[in-house]
Amino acid sequence: MELQYKNDKRYFDIFLTPLKECQNYRPKFGHSTAEGYNLEQFLELYRSDPFYKWIGLDSPYMFAAHKAAGGMTSIYRQIGIGCERLLRAIIVDSLGYESEGQAFWSYKTKTKAGKEKTLYLDSFINLKEISDKKIRTNVENWMKEFSKQHNIKKRQFEGIVFEIRQGYKSKDSKRQNADIDNATVAYANNLIPVFAIFSSQIDDDIVLRYTNNKCGILTGNLSESPYVSLYAFCKEILNYNLALFFERNSASIRQSIQNILKGLLSV
């Protein structure tokens, strides 16, 4: 059975397993309790606070609001982890890597205190380690065309490094600066930095800033261009139809996430 279908069950589990962390989510309300608060504990906590009791925040509705708000953040975070693990697994399988370790790229830097630390990017296509000749040619051609589109001259790139996200709507400047730093180091090592976004949700200002710094942006749109669409990149360059995987498994994935959402929205 070809790669497109034989890994369905494994990819399905890779994507959804992180979301199981959301099933038992409980808000912690700024306390270090490991399990968080249930409804009864929340009511006891808020009723012991004179101000919150006076204004009526010691309510099951308030608990539900906190649970839903924190739970939504948790869901987005865990979906992002699932996306990262899924794309990395596809890269490992498509490129014929012998181990997942080949799909990571890292570099060393120093903190303000002078200590050395290692930073890891989410995935790595190393041109030299691609065993499939067709995919190697695909990657080579993609990098050449990317260089033309971004007016990058006289560079012999050795691969692509990815930061993988489910979406990117945050305006966090610290996060953006770190991304640009990673991209700068990638270029210094003859690697093209690419942001792989599974959804089409990314802030326009972020796209402008990153493309001005010659970063690749692949989003979850259904364009046929592998230079703008993550799904086209997977299909045309990696020879794996990621969009078809989600279409084929949509009903089961939707049901799993709906069950988690119902649990988060209930008291």
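The side chains of Asp13 and Lys9 meet in a salt bridge, with N and O 2.5 Å apart; the term covers a side-chain nitrogen of Lys or Arg within 4 Å of a carboxyl oxygen of Asp or Glu. This is a predicted model, so to speak of local features pLDDT has to be at least 70, side-chain atom pairs count only at pLDDT 80 or more, and totals for chains, interfaces and linings use all residues. Residues are numbered from 1 along each chain as its sequence is written, and side-chain values use heavy atoms, leaving out hydrogens and water.

Back to that pair: Asp13 and Lys9 both sit in helix H2, 4 residues apart, or about one turn of the helix. Helices here are DSSP runs of H or I with at least four residues, strands are runs of E with at least two, and both are numbered from the N terminus. Lys9 is exposed at 56% relative accessible area, while Asp13 counts as partly exposed at 31%. For these labels, buried means under 20% relative accessible area, exposed means over 50%, and partly exposed is what lies in between, with a 1.4 Å probe and protein chains only.

Helix H2 also takes part in a salt bridge with another helix. Arg10 pairs with Asp93, and their closest N and O atoms are 2.3 Å apart. Because Arg10 lies in helix H2 and Asp93 in helix H5, this pair ties together parts that are 83 residues apart in sequence. Both ends are partly exposed, Arg10 with a relative accessible area of 37% and Asp93 with 27%. Asp58 and Arg47 make another salt bridge, with the closest N and O atoms 3.6 Å apart. Asp58 is in the loop between H4 and H5 and Arg47 is in helix H3 (residues 39-47), so here the parts tied together are 11 residues apart in sequence. Asp58 is buried at 15% relative accessible area, whereas Arg47 is partly exposed at 46%. Glu84, Arg88 and Glu100 are joined into one network by salt bridges that share partners. The full count comes to 11 salt bridges.

Now for the chain as a whole. The chain holds 10 helices and 6 strands, and its C-alpha trace spans about 70 × 50 × 35 Å along the principal axes. Of its 267 residues, 44% count as buried. Taking contacts (heavy atoms within 4.5 Å) with a separation of 6 or more, 64% are between residues 24 or more positions apart. The accessible surface is about 15,000 Å², and 49% of that belongs to carbon and sulfur atoms; such areas come from the Shrake-Rupley method with a 1.4 Å probe, and for residues only the protein chains shown count as cover.

As for the interior, the largest nonpolar core has 52 residues, and Ile125, Phe198 and Leu242 touch the most other members. A nonpolar core is a set of buried Ala, Val, Leu, Ile, Met, Phe, Trp, Tyr and Cys residues joined through side-chain atoms within 4.5 Å. Helix H5 (60-95), strand S4 (159-165) and helix H10 (242-265) are among the elements that each supply at least two residues of this core, and H5 gives the most, with 10 residues. Not counting residues up to four places away in sequence, Phe198 touches a list of residues that includes Cys83, Leu86, Leu87, Ile164, Leu242 and Phe246. Apart from the largest core lies another one, of 10 residues, among them Phe195, Ile197, Tyr210 and Ile217. Ile217 is found in strand S6 (residues 216-218) and is buried at 12% relative accessibility. Beyond four places in sequence, the residues touched by Ile217 include Phe195, Ile202, Tyr210 and Val228.

Aromatic side chains turn up in 20 pairs. Rings of Phe, Tyr and Trp (its six-membered ring) pair if their centres lie within 6.5 Å, and planes under 30 degrees apart count as stacked, over 60 as edge-to-face and the rest as tilted. Phe29 and Tyr37 form one edge-to-face pair, because their planes are at 80 degrees, with ring centres 5.8 Å apart. Both residues are buried, Phe29 at 19% relative accessible area and Tyr37 at 14%. One aromatic cluster takes in Phe29, Tyr37, Phe42, Tyr46, Phe51, Tyr52 and Phe63. Phe51, which is in helix H4 (residues 50-55), counts as partly exposed at 48% relative accessibility.
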